[in-house]
Each structure stands twice: as C-alpha cells, then as structure tokens.
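Trainee: Got a minute to go through this model with me? I'd like to start with one of the helices.

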Amino acid sequence: MMFLRKASANLLGRFRFSPQSLPATPIQRSSQILLSNAGKYRFSSQLGSGGYFSDSFQWIFLFGQAAFILGVNVTPTLAEEVSTPATTGIDAEISDLRKIEDGSVISNIHTSKWRVFTDSGRDLFLQGKLEEAEKLFLSALQEAKEGFGDRDPHVASAYNNLAELYRVKKAFNKAEPMYLEAIIILEESFGQDDVRVGAALHNLGQFYLMQRKLEQARGVYERALKIKRRVLGEAHPDYADTMYHLGTVLYLQGKYKDSEALVRDSIRILEDGGQGESMICTKRLRQLAEIYIKSDRNEEAENVLRKILHIMELAKGWNSLETVVAAERLALTLQSLGNLKEAQELLERCLDARRALLPEDHIQIAVNFLHIARVKMLDSNKLQKSNVYQARAELDMAKDLLSKSISVARGNLVPSMKGKGNKQSYGASMTTVRSRQSAMMILLQSLNTLSLLEMTKLEREESKDPYSSEAESALHQCISAYKEFVTEKSLCDAPGVKAEYLLCLKHLVDLLSDKKTSSTDRSSKPALQELKDEIKRIEVELSKKGGRRS
C-alpha cells in the first residue's frame with residue numbers, strides 16, 4: 001500500500017516541531033517603541049532586557065512535515081518576536097535636556113514642543129493609533145531639529161521613533177533610512193564605539209531580522225555585540241541580549257552549532273545574574289531546545305523542555321496557557337522519542353487545563369484533540385502485536401478525537417453569532433485572520449490524519465483490496481473544505497494552508513493510484529489527472545511565495 005507507507009512516514013516525521021508564530025487569540029499585540037523616558041513606559045509583560053511577550057497565548061499544532069508552535073514569542077526565531085524588538089534605552093540616555101558649555105540648558109519653544117509631541121505620539125502609538133502617532137512624531141522630529149539642531153542626539157531619538165513606527169506599519173522603505181540616519185547622528189555625537197550606537201545598531205538588526213535580511217542583520221548585530229562587550233562587559237544582560245539575537249540569525253541561516261554556543265552563553269549570563277527563572281531566560285531555553293531538535297539531539301531537548309516546564313509550573317501553575325504550551329512542547333518531544341505514555345498523560349492534562357481556561361469550541365481545543373489522536377494511533381501500532389483488541393480500541397478513540405477536532409475546526413471557520421459563554425479571559429475562539437488560517441490548517445490535518453487511520457484499519461483487516469472508500473472520503477473532504485473556504489483571500493494567500501492542501505492532494509493521488517492498479521476501474525483516470533494538475537498549480541504558487549512544498 002503505497003499510500004499507507006507514505007502517509008505513515010509523514011505522520012512520524014511530523015512529530016518534530018519548528019517555530020511558527022500565529023496568534024491563538026485576538027488579543028492585540030504590543031510593540032515597544034523607542035520613546036522619550038523609555039524606561040518608564042515598558043509593557044507590564046516585560047521579560048527583561050531585550051524581550052517581551054505581547055500576550056501569553058501560545059500553543060502547538062501539526063503543520064506539514066512538522067509540529068508547529070503557535071502563539072506569540074514562542075521562540076525568538078519567529079516574525080512575531082522580531083516584530084517587537086527590544087530597544088535598549090537610547091532615548092533614555094539622552095532624554096534629559098542637554099547642557100552646553102556655559103552650564104545653561106537648551107530650552108526653548110521648540111524643545112518644549114518636541115517633548116509634548118513625543119509623549120503624545122507615544123501614547124497614541126501604544127493605543128494602536130498609528131496614523132495620528134505618525135503625525136506627532138513627524139512634528140517632534142521637526143521641533144527637535146529647530147530646537148536642538150539638525151545633528152543633535154534628540155534628532156536621532158526622533159528618527160528612531162519614526163523608524164519604529166514605520167517598522168510596525170511595515171513601511172520598510174521609510175523606516176530603514178531613519179534607522180541609518182539615527183546611527184550616523186549618534187556616531188557623530190558620541191563616537192562609533194559608544195553604547196548608544198550599539199543600542200541603535202541592535203534595533204537596526206531587529207529591523208533586518210524581521211524582514212529575514214539575515215546577512216544585514218548578522219553584520220549589525222556583530223558590530224553591536226563588540227561595542228557592548230567593550231563598554232558593558234560580558235556579564236551585562238544587554239550584551240547577552242544582542243548575543244542571543246545574533247544566535248537567532250545564525251539559527252535561521254542553518255548554523256546550528258554557532259547558534260547553540262551564543263544562545264547557551266546568553267542563558268548562562270542570565271543565570272549568573274540571578275535571572276535563570278525569568279521569562280526571558282525561559283524563552284531562550286525554548287530556543288535552545290529547538291536547536292537541539294533541529295540537530296537531532298532530542299534527548300538534550302527533552303532535558304531543556306523539562307526544565308522549562310518546571311519553571312513554568314512554579315511561576316504560573318497550570319492555570320496558565322504558558323504552562324500548558326510548555327507541557328505540550330515536552331509532550332511532542334517525548335512522542336518523537338517513543339515515550340507515548342507520558343506524552344499522552346501530558347497532552348490530556350493540557351486538554352483539561354485548556355477546557356478550564358477556554359471555551360469548548362476554541363481552536364486550541366481542536367489542536368489538543370488532534371495531538372492526542374496521533375498519540376493513540378502510534379500507541380495502537382505498538383499494541384497491534386501484543387493486544388489486538390486494545391489496539392483496535394485505541395484506533396476507535398483516535399477516530400472519535402479526530403471527529404471532535406474536525407467539528408471544532410470547521411465551527412471556527414463558519415461564522416456564528418452564538419455566544420461563547422463566560423470563559424473570555426483568553427479571547428474569543430475565532431476572530432483574527434491568522435486564527436482562521438490556523439483553523440483551516442487544523443481541519444485539513446485532521447481530515448488527512450483520519451484518512452490514514454482508515455487505511456490503517458483496512459490494512460489490519462488484511463483485505464486483498466488496498467482501497468478504502470472511507471480514506472478517500474476523508475481526503476475528498478479536505479479538498480471540499482479548501483474550495484469552500486479558500487475564496488476568503490486571507491486563506492487563499494496563506495502558504496501554510498496551501499501546504500496542507502497540497503499534502504492532502506498528494507495523499508489522494510497515491511490512494512487513487514493504488515485503487516487503479518488493484519482494479520480494472522478506468523473512471524478514476526480523468527480525476528487522477530485533474531488532481532495531478534492541481535498539485536502542479538499549488539506547487540507553482542508555493543514556489544512563488546517562497547512557501548514549503550510538502
């Protein structure tokens with residue numbers, strides 16, 4: 001059975017996970033901006049120097065050949081995290097009015113307006129009113145030039161504020177010149193090796209990292225790291241922060257050994273400074289675990305993930321989705337190592353916790369159902385030789401879980417005015433574009449997994465006919481679901497959705513090819529060719545978008 005062999009290999013391959021950032025809830029992301037008095041206005045979810053959670057809704061689901069982590073800042077390699085760079089106090093360094101040689105203070109109508117425009121722009125920015133904030137930041141830039149002079153550090157601060165705003169708006173062509181001009185002014189004012197220059201370079205590195213301009217990011221991070229090492233010393237958390245982000249770049253470039261060394265050192269610095277159980281250190285530990293997994297060092301990844309879960313249990317308890325996602329990460333790693341019993345126990349505890357925190361129809365519940373179903377399918381395979389009846393029972397339970405996952409995922413794609421109950425602290429189950437994309441991917445994955453389950457049942461019955469109408473039906477439902485919802489542009493353009501659809505198409509082609517070779521039925525020939533043509537079309541679309549083929 002060619003279909004079953006390929007699909008089974010894919011199921012096993014999916015247990016590894018890579019970082020992917022998609023929101024699990026509609027909570028608006030926070031974004032830090034370089035502002036006057038920056039140290040006073042950091043977000044309440046501050047993790048420490050250089051890292052912020054914009055919310056705590058992190059979770060995991062299976063995608064393509066790997067299991068992916070969803071949520072905000074689940075690892076530092078993701079776009080969500082690099083979109084909220086840690087700005088390290090350039091403006092705080094120069095926010096007090098600068099004294100001149102005679103001891104007086106530069107103070108005039110322009111400097112006063114600069115302060116008012118900057119503070120008001122900051123407040124609007126934090127409220128998400130970017131257009132209004134932009135006008136005030138532009139005014140602040142003009143007032144800074146007139147009040148302090150064109151090459152004053154306050155002007156650099158104003159440029160940085162605008163650059164950060166344009167970064168958030170993804171007006172990258174406007175942001176980059178402002179980052180660069182700010183650096184030039186700071187170099188003129190304080191010298192090329194000043195720590196404020198290093199902080200500005202770090203911000204520019206974040207800007208490049210967000211766009212995956214990895215070589216540019218690497219260059220400015222390396223320069224920032226040298227400056228911070230010389231000025232701040234190798235034990236300073238800001239030095240560790242830039243080191244960690246440089247490690248992130250190397251990770252994305254596939255230089256796992258070099259990345260590991262930097263990430264480990266950045267963790268050591270935090271631990272030596274008494275921040276070993278901080279959220280920012282936990283985030284870096286997650287990145288280290290991901291590096292181990294990418295390097296096929298799953299046992300080492302397991303040890304790190306157990307440490308993370310221990311920290312989260314002590315810090316937040318199980319009444320937190322951050323603890324849930326830490327347990328889920330560990331469960332997936334245990335699953336890949338064949339420790340199915342503990343993996344299932346953890347996943348079931350995650351499900352219980354989510355049900356207490358979220359509405360029953362939340363998309364994360366569907367994800368949890370899918371995870372447990374996969375574990376049960378693997379457990380069924382292990383039991384087949386020793387206990388046939390229990391193996392069949394495990395498959396039946398897996399099928400029931402998949403049905404629930406399909407139902408919840410589809411429900412999240414179909415608009416509904418029905419109330420969601422009182423469990424709203426973590427957001428509604430479906431409002432954002434990305435969560436709709438997630439629901440679509442989960443729906444396709446669940447149906448695809450259901451087709452594999454049906455083929456597994458058929459194989460165990462030792463049928464002479466390798467064809468399963470139930471498996472084919474599940475895959476046709478994948479295609480029907482895609483066509484039903486793909487008219488929505490946000491779903492049509494999502495590479496992840498296309499990748500899942502492509503996987504379903506390929507599995508259906510394999511299944512129909514088995515059917516064709518095992519019977520004299522010629523009716524499937526035109527349908528088979530149509531599917532192959534569709535596969536080519538989706539592959540072309542994915543290649544144009546830089547998406548991953550399945």
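Trainee: Which residues in α17 are buried?

Mentor: Keep in mind that this is a predicted model. In α17 the buried ones are Ala391, Glu394, Leu395, Ala398, Leu401, Leu402, Ser405, Ile406, Val408, Ala409, Asn412 and Leu413.

Trainee: Why would buried positions in a helix recur every three or four places?

Mentor: An α-helix has 3.6 residues a turn, so residues three or four places apart point the same way.

Trainee: OK, and what covers the buried residues of α17?

Mentor: The cover includes α16 (363-383), α18 (433-460), α19 (469-485) and α20 (489-492).

Trainee: What span should α17 have, and how far apart are its end C-alpha atoms?

Mentor: α17 runs over residues 388-413, so that's 26 residues, and at 1.5 Å a residue they should span 38 Å. The end C-alpha atoms are 38 Å apart, which agrees.

Trainee: Switching topic. Where is Ser278 found?

Mentor: Ser278 sits in the loop between α11 (256-272) and α12 (279-294).

Trainee: Is Ser278 buried or exposed?

Mentor: Ser278 has a relative accessible area of 17%, which is under the 20% cut-off, so Ser278 counts as buried.

Trainee: Which backbone atoms lie 2.8 Å and 3.2 Å from a polar atom of the Ser278 side chain?

Mentor: The backbone oxygen of Gln275 lies 2.8 Å from a polar atom of that side chain. At 3.2 Å there's the backbone nitrogen of Cys281.

Trainee: Is Cys281 buried or exposed, then?

Mentor: Cys281 is buried, with a relative accessible area of 0%.

Trainee: How many disulfides does the structure hold?

Mentor: Zero. Cys478 is in no disulfide, and the nearest cysteine sulfur, that of Cys504, is 3.1 Å away. A disulfide needs the sulfur atoms within 2.5 Å, so this pair doesn't count. Cys478 is also buried, with a relative accessible area of 0%.

Trainee: What does UniProt place at residues 198-231?

Mentor: An unreviewed UniProt entry puts "repeat: TPR" there. Over residues 198-231 the chain is 91% helix and 0% strand, with the end C-alpha atoms 10 Å apart.

Trainee: And the whole chain: how many helices and strands?

Mentor: The protein chain has 22 helices and five strands. Of its 550 residues, 58% are buried.

Trainee: What share of the contacts with a separation of 6 or more comes from residues 24 or more positions apart?

Mentor: That's 72% in the protein chain. As for surface, the accessible total is about 22200 Å², and 50% of that belongs to carbon and sulfur atoms.

Methods: Residues numbered from 1 in each chain as written. Predicted model: local features only at pLDDT ≥ 70, side-chain atom pairs only at ≥ 80, totals over all residues. Heavy atoms only, no water. UniProt positions renumbered as here; feature names shortened; annotations may be inferred. Helix = DSSP H or I, 4+ residues; strand = E, 2+ residues; numbered from the N terminus. Expected span 1.5 Å × (residues − 1). Buried < 20%, exposed > 50% of the residue type's maximum accessible area, 1.4 Å probe, protein only. Contact = heavy atoms within 4.5 Å. Polar contact = N/O pair within 3.5 Å; in protein donor to acceptor, adjacent residues only side chain to side chain. Areas by Shrake-Rupley, 256 points an atom, 1.4 Å probe, with all protein chains shown as cover.
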